[in-house]
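Please open the model in your viewer and follow the stops below in order, selecting the residues as they are named. Each stop says what to pick and what is to be found there.

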Amino acid sequence: MRAASRHGWVNMPASFQEDFTVTSLRSRMTALAIKYALRPRLHHQHSPESQRRALELFARMQWMPRHVAVEAVTLGARPAEKLTPEKSDHSRALLYLHGGGFMIGNARTYRSFAAYLARACGCPVYVLDYRLAPEHPFPAAQLDALAAFRQLGTLLPADRIALAGDSAGAGLCLSLMLELKAQDQPMPACAWLACPFADLTLSGASIGRNRHLEPLLTKEWLDICCEYYAAETPRDHPQISPIFADLSGLPPLLIQAAGNDLLLDDARRVHALAKDAGVDSKLEVFADLGHDFQTTPGFVPEAGRALAMAAAYLKIRQ
């Protein structure tokens, strides 16, 4: 295939797409709101509890789409929310692992986004409240994700379950699949990784290169998240930083990244490692957008488009 660039068309591998579409007014407004209203409250000097409250307040600004039922459930002995669209294919399901640097976020803060995802996918979406650091460092979140996937596997065949996650949740999806492989357990049908946080050593060059472009993340905040989550475990442990793992044997991956994201190089390196390991991996990079732009599909057109592309990918492979 060929991909568009600002300077014309260039040949690109079929597994890679780069989108240089001019960003919308709504995406620029959202980036400013995040930069000046949310980022100061997600500060490495603020307590985890304070940051969790700030994210919950910000989440209330997002509205719910219609015709999606919300149900509180238990999954793998952890609280979760099940979001089911009005016309749902109950022979498929999606397990969603939320972002937040392993430190903040929950099913409630992701309810609106998950509802849009459920409508787009046409199947139930389960958002897991896995345990958070620093109260529960590695491997608590991974164990919770593993237990949740196993319980879903008692309801549906593994190849009818897809994984998805953003940021730390996307990294957790990779860790979960690596653990399933290590235990010779059935794999999910596929996984969608949105702006994955996959290198807790923070060695990606984009962390420095994009520091003046990214509206949400700072290196200092990422560093404290890594400290809380890794605790006594080395940050380059492959289950903590999947960028250092053998990715062979994983199911098909759709990786979506943002051009202004501090973690852009995490996505690119995961894709390259997966391709080298023989995994069916596709990378889509959306230029001039910040970390986790996909989580605002009700307001930002680019987020809605990314979500539609991801849903189409998941439907084909489940």
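Begin with the second largest pocket of this predicted model, a space with a volume of about 250 Å³. To display its lining, select Thr30, Ala33, Phe58, Met61, Gln62, Trp63, Ser112, Tyr116, Thr296, Pro297, Gly298 and Phe299. If you colour by secondary structure, you can pick out helix 1 (25-38) and helix 3 (111-121), each of which supplies at least two residues of that lining. Colouring by residue class instead divides the lining of the second largest pocket into 7 nonpolar and 5 polar residues, with no charged ones.

Go next to the largest pocket, where about 370 Å³ of space lies. Its lining has 22 residues, and the ones to select for a view of the centre are Ser27, Ala31, Pro215, Asp288 and Gly290, which are the closest to it. By class, the lining of the largest pocket is made up of 9 nonpolar, 8 polar and 5 charged residues.

Keep Asp288 selected, and look at its backbone. This aspartate lies in the loop between strand 11 (281-286) and helix 9 (301-317), and its phi is near 60°, a positive value in a residue other than glycine. Most residues other than glycine have a negative phi. Is the residue buried, partly exposed or exposed? With a relative accessible area of 34%, aspartate 288 is partly exposed, because the value falls between the 20% and 50% limits.

For another positive phi, move to leucine 202, in the loop between strand 9 (191-194) and helix 6 (206-209). Phi of leucine 202 is near 55°, and this residue, too, is not a glycine. Leucine 202 has a relative accessibility of 10% and therefore counts as buried, the limit for that class being under 20%.

Now turn from the open pockets to the enclosed spaces, of which there are 2 with a volume of 30 Å³ or more. The largest cavity has a volume of about 410 Å³. Of the 26 residues that line the largest cavity, select Leu55, Tyr110, Leu216, Asp292 and Thr295, the closest to its centre. Helix 1, helix 2 (48-59) and helix 3 each supply at least two residues of this lining, and the largest share, 3 residues, comes from helix 2. The lining of the largest cavity divides into 12 nonpolar, 11 polar and 3 charged residues.

From helix 2, follow the chain into the loop that leads to strand 4 (68-75), where arginine 60 is found. At 59% relative accessibility, arginine 60 counts as exposed, because the value is over 50%. Add arginine 111 to the selection and draw a distance between the two C-alpha atoms: they are separated by 9.8 Å, although the two arginines are 51 residues apart along the chain.

Select helix 3 together with helix 9 for the next view. Their axes come within 9 Å and cross at roughly 50°, which means that helix 3 is oblique to helix 9. The crossing in which helix 3 passes helix 9 is right-handed.

The next stop is the loop between strand 7 (125-128) and helix 4 (140-152), where proline 134 is found and where proline 139 also lies. Show the backbone atoms here and look at the peptide bond that joins alanine 133 and proline 134, which is cis with omega about 5°. Then step along to the bond from phenylalanine 138 to proline 139, which is cis as well, with omega near 10°. Most peptide bonds are trans.

To finish, continue from this loop into helix 4 and add helix 5 (residues 168-182) to the selection. How do the two axes lie, roughly parallel or roughly perpendicular? The axes of helix 4 and helix 5 come within 9 Å and cross at roughly 65°, which means that helix 4 is roughly perpendicular to helix 5. If you rotate the view so that one helix passes in front of the other, the crossing of helix 4 and helix 5 is right-handed.

Definitions and conventions
Residues numbered from 1 in each chain as written. Predicted model: local features only at pLDDT ≥ 70, side-chain atom pairs only at ≥ 80, totals over all residues. Heavy atoms only, no water. 1 Å grid on protein atoms, 1.4 Å probe; cavity = no way out; pocket = protein on both sides within 12 Å on 5 of 7 lines; lining within 4 Å. Points joined across faces, edges and corners; volume = space filled by probe spheres on them. Nonpolar A, V, L, I, M, F, W, Y, C, P; charged D, E, K, R; others polar. Helix = DSSP H or I, 4+ residues; strand = E, 2+ residues; numbered from the N terminus. Buried < 20%, exposed > 50% of the residue type's maximum accessible area, 1.4 Å probe, protein only. Axes fitted to C-alpha atoms, helices over the stretch in contact; angles between N-to-C directions. Parallel < 35°, antiparallel > 145°, perpendicular 65-115°, else oblique. Left-handed = near helix turned anticlockwise from the far one by under 90°.
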